[in-house]
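Dear colleague,

Please find below the structure that I am handing over to you. Kindly look through it before reading the notes that come after it.

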Amino acid sequence: MGGKKSSPPEQTNAENFYYQKQMHSKTAMVIMLRDGEQIHGVIEWYDKSCIKVNRVGAPNLVIYKPSIKYMYKEGENIRN
């Protein structure tokens, strides 16, 4: 009965759940890029490699996920 443990799933769907939740509630987000630039906007859609961010008063952007350092909800206290 003490058999080998199965390896963890390759995909947990946590990322999909997070994006879906923020898109549904149209949460204002801050996306910090690896080069230090901050993008403010609402996530409109995402796929395996990128997200589309709608911005007020600025062009909408498609951002490749590898260029994202981290993101958080606008108004949250975040320390770098």
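The notes below describe what was found, from the overall fold to single residues.

Please keep in mind that this is a predicted model. The secondary structure of the protein consists of one helix and five strands. Read from the N terminus, the order of these elements is α-β-β-β-β-β.

As to overall dimensions, the C-alpha atoms fill a box of roughly 60 × 25 × 20 Å along the principal axes. The radius of gyration is 16 Å, whereas a compact globule of 80 residues would have a value near 12 Å. Of the 80 residues, 26% count as buried. The accessible surface amounts to about 6300 Å², and carbon and sulfur atoms account for 52% of this area. If one takes the contacts between residues at least 6 apart in sequence, 37% of them join residues at least 24 apart.

I turn next to the nonpolar core. In soluble globular proteins, nonpolar side chains tend to be buried together. Here the largest nonpolar core has 13 residues, and those that touch the most other members are Ile 31, Ile 43, Ile 51, Ile 63, Ile 68 and Met 71. At least two residues of this core come from each of helix 1 (14-25), strand 1 (28-33), strand 2 (38-46), strand 3 (50-54) and strand 5 (68-73).

Which residues does Ile 51 contact, apart from its neighbours within four places in sequence? The contacts of Ile 51 include Ile 31, Ile 43, Ile 63, Ile 68 and Met 71, each of which was named above among the core residues that touch the most other members. Ile 51 is also in contact with Tyr 19, Trp 45, Tyr 46, Leu 61, Val 62 and Lys 65.

Lys 65 leads to the subject of charged pairs. Side chains of opposite charge can pair when their charged atoms come close. The structure holds two salt bridges. In one of them, the side chains of Lys 65 and Glu 15 meet at 3.2 Å, N to O. Lys 65 lies in the loop between strand 4 (61-64) and strand 5, while Glu 15 lies in helix 1, so the pair ties together parts that are 50 residues apart in sequence. Are these two partners buried or exposed? Lys 65 has a relative accessibility of 15% and therefore counts as buried, the limit for this class being under 20%. Glu 15, at 41%, counts as partly exposed. Another salt bridge joins the side chains of Glu 44 and Lys 52, at 3.3 Å from N to O. Glu 44 is partly exposed, with a relative accessible area of 36%.

The aromatic residues also deserve a note. Three aromatic pairs are found in the whole structure. One of them is the stacked pair of Tyr 70 and Tyr 72, with 6.2 Å from centre to centre and 25° between the planes. Tyr 70 is partly exposed at 24% relative accessibility, whereas Tyr 72 is buried at 10%. In addition, Tyr 18, Tyr 19 and Tyr 46 form one aromatic cluster; of these, Tyr 19 and Tyr 46 were listed above as contacts of Ile 51.

Finally, I would draw your attention to Lys 26, in the loop between helix 1 and strand 1. The phi angle of Lys 26 is near 50°, a positive value in a residue other than glycine. Lys 26 is exposed, with a relative accessible area of 63%.

Yours sincerely,
A colleague

Technical notes. Residues are numbered from 1 along each chain as its sequence is written. This is a predicted model: local features need pLDDT of at least 70, side-chain atom pairs count only at pLDDT 80 or more; totals for chains, interfaces and linings use all residues. Side-chain values use heavy atoms; hydrogens and water are left out. A nonpolar core is a set of buried Ala, Val, Leu, Ile, Met, Phe, Trp, Tyr and Cys residues joined through side-chain atoms within 4.5 Å. Buried means under 20% relative accessible area, exposed over 50%, partly exposed in between (1.4 Å probe, protein chains only). Helices (H or I, at least four residues) and strands (E, at least two) are DSSP runs, numbered from the N terminus. Contact means heavy atoms within 4.5 Å. A salt bridge is a side-chain nitrogen of Lys or Arg within 4 Å of a carboxyl oxygen of Asp or Glu. The radius of gyration is taken over C-alpha atoms; the globule rule is 2.2 Å times the number of residues to the power 0.38. Accessible areas come from the Shrake-Rupley method with a 1.4 Å probe; for residues, only the protein chains shown count as cover. Rings of Phe, Tyr and Trp (its six-membered ring) pair if their centres lie within 6.5 Å; planes under 30 degrees apart count as stacked, over 60 as edge-to-face and the rest as tilted.
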